[in-house]
Amino acid sequence: MENVNSELHPIFAGIEMGLGTWAWGDRMYWGFGRGYTEEDISQAFSISLQNGIRLLDTAEVYGLGRSEEIVGGLIHNSNKPVVIATKFMPFPWRLNRRALTRALKASLTRLGVAKVDLYQMHQPLPPITIETWMDAMVEAFQNGLTNAVGVSNYDLGQMQRATESLAREGIRLASNQVEYHLLDRRVEKNGLLKKCHEQGVALISYSPLASGVLTGKYTPQNPPQGLRGSRYNAKVLERVQPLIESLKRIGSTRGGKSAAQVALNWCICKGTIPIPGAKTLTQAEMNAGALGWRLTGDEVSLLDEMSEKVTKEN
């Protein structure tokens, strides 16, 4: 179990898990409109809110803006409070601070809101410096367009630069969204997770189920398709099976929790906020089953050990 030393930003009060919306409206990577529809997404949204999952994470590039539009429509028709997080992509052709303000205003229009709770830098891309973009974030904050500032995919040094730049204007860095799960624990090993805990920066863990691999639905004989299959090929899936079996065994002692629910709970026990996606009602119900209970310290340690064994050759 992780000891979180500093208080998180108030926007994260009471939030243990969020909902990732990359697949909402994305036809090219996720196949929106083929395997699932907007009605499926609506049901997933409703079930998530009913179970207290109210952090919605989107981005201007998800579905080329369609994700934000879907999120906006859903929250407009809902009477439950939500926390909206979206992202700015610093494409190389965006060469000045004004580009961030324009992009944020376009996101607000698609979302149908006057401000977002959290605005995040999507990637630390050149050529514009981190400090310049943080200055633009300060401006957005001071103009009332966002309640908090976050980053995504920033390493330890980049996060520190962002933190210091914001601090000069009296603003704290609220979050860093990075990939984190039982098959990718780099942020534990490189000190990023520890630094987040020390500074009260929420570590939002995306892909907490390793693109579905930790659900146990993929095997060496049935690998995921497309780009996910190139990363999690048959050889990798063969090595991962002992970990999947450990997840299932622990779940069976917890009243029939699934491997995925145990894997999500592990992320929560590590002091992070996982944001699994949900395209359907069934997936949303599965995510919600990770809440309301906690793995023991011994169970977390066992999963840590199994994780080390199956990933050491990767």
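Q: What makes a run of residues a helix or a strand in this account?
A: Helices (H or I, at least four residues) and strands (E, at least two) are DSSP runs, numbered from the N terminus. The structure is a predicted model, in which local features need pLDDT of at least 70, side-chain atom pairs count only at pLDDT 80 or more, and totals for chains, interfaces and linings use all residues. Residues are numbered from 1 along each chain as its sequence is written, and side-chain values use heavy atoms, with hydrogens and water left out.

Q: How do you know that strand β7 pairs with β8?
A: Two strands pair if DSSP finds at least two bridges between them. Two bridges join β7 (residues 202-206) to β8, so the pair satisfies that rule. In one of the residue partnerships, Ser 205 is matched with Pro 274 of β8.

Q: Why do β1 and β8 stand at the edges of the sheet?
A: The open sheet has eight strands with parallel pairing, in the order β1-β2-β3-β4-β5-β6-β7-β8. β1 (18-20) and β8 (273-274) each have a single partner strand, so one side of each lacks a neighbour in the sheet.

Q: Why are α9 and α10 called roughly perpendicular?
A: Axes are lines fitted to C-alpha atoms, for helices over the stretch in contact (heavy atoms within 4.5 Å), and angles run from 0 to 180 degrees between N-to-C directions. Angles under 35 degrees count as roughly parallel, over 145 as roughly antiparallel, 65 to 115 as roughly perpendicular and the rest as oblique. Helix α9 (residues 234-252) and helix α10 (residues 259-269) pack at about 95 degrees, with axes 8 Å apart; they are therefore roughly perpendicular to each other.

Q: Which residues of α9 and α10 meet?
A: Leu 247, Lys 248, Ile 250 and Gly 251 of α9 meet Ala 259, Val 262 and Ala 263 of α10.

Q: What makes the peptide bond between Pro 126 and Pro 127 noteworthy?
A: The bond is cis, with omega of about 10 degrees. Most peptide bonds are trans. Pro 127 belongs to the loop between β4 and α4.

Q: What is the sign of phi at Asn 153, and where does this residue lie?
A: Asn 153 has a positive phi of about 65 degrees although it is not a glycine. Most residues other than glycine have a negative phi. Asn 153 lies in the loop between β5 and α5.
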